[in-house]
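Let's take a walk through this one together. Have a look at the fold below, and keep an eye on the aromatic side chains as you go.

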Amino acid sequence: MTMHITRATLVDIDAVAPLFDAYRRFYGQPSDLQRAREWLQARMQANESIVLLATGGGKAVGFVQLYPMFSSVGTARTWILNDLYVDARARRGGVARALLDAAADFARNDGARSIVLETTRDNAPARALYRNAGWHEDETQWYSLALK
């Protein structure tokens, strides 16, 4: 399959939304295509996220969504690779690796100091993919506080 990765625009919302909905379902959320569409549109219209879309065979097969963050210590922009999803029928074909590389290239070309992502410790396939793509597990520990 010949694959192309492009930066999604508002014109691409209908192609990305089903993938984003599937991504959310993977993490236990109920399917809500309209909510997925509205979330993507709001983030993209406000320039709050960058979506890179992988297409192959004339259809959308995967995406990454990046959010900007800033490092006070490094006094530089950092990008968070928050979402990565590949359609089940397109897995094991290099789509995820190509999306990771495209995300890193985007951040590098943007002048960012780094790009980060987070996954669960038990997600062995994803962790192997990240290591094989040159990412490394940091010694820092993330903490979270649910506000709702």
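How many aromatic pairs does the count come to? Eight, in what is a predicted model. A good one to start with is Tyr23 and Phe63: the two rings sit edge-to-face, 6.0 Å centre to centre, with 80 degrees between the planes. This pair ties together distant parts of the chain, since Tyr23 belongs to helix 1 (residues 13-26) and Phe63 to strand 3 (residues 59-71), 40 residues apart. Tyr23 and Phe63 are both buried.

Now compare Tyr130 and Trp135. Their ring centres are 6.5 Å apart and their planes meet at 50 degrees, so this pair counts as tilted. Tyr130 is buried, and Trp135 is too. Going back to Tyr23 and Phe63, you'll find that they belong to one aromatic cluster along with Phe20, Phe26, Tyr27 and Tyr85.

Step back to the whole chain and you can trace four helices and five strands, running β-α-α-β-β-β-α-β-α along the sequence. Long-range contacts show up here as well: among contacts with a separation of 6 or more, 55% are between residues 24 or more positions apart.

What about the overall shape? A compact globule of 148 residues would have a radius of gyration near 15 Å, and the chain has 15 Å, so the two agree. The C-alpha trace spans about 40 × 35 × 30 Å along its principal axes, and 39% of the residues count as buried.

On the outside, the chain exposes about 9600 Å², with carbon and sulfur atoms supplying 50% of that. As for charge, there are 18 positive and 16 negative ones, and their mean positions lie 2 Å apart.

Technical notes:
Residues numbered from 1 in each chain as written. Predicted model: local features only at pLDDT ≥ 70, side-chain atom pairs only at ≥ 80, totals over all residues. Heavy atoms only, no water. Helix = DSSP H or I, 4+ residues; strand = E, 2+ residues; numbered from the N terminus. Rg over C-alpha atoms; globule rule 2.2 N^0.38 Å. Buried < 20%, exposed > 50% of the residue type's maximum accessible area, 1.4 Å probe, protein only. Contact = heavy atoms within 4.5 Å. Areas by Shrake-Rupley, 256 points an atom, 1.4 Å probe, with all protein chains shown as cover. Lys, Arg positive; Asp, Glu negative; His and termini not counted. Charge placed at Lys NZ, Arg CZ, Asp CG, Glu CD. Phe/Tyr/Trp six-rings, centres within 6.5 Å; stacked < 30°, edge-to-face > 60°.
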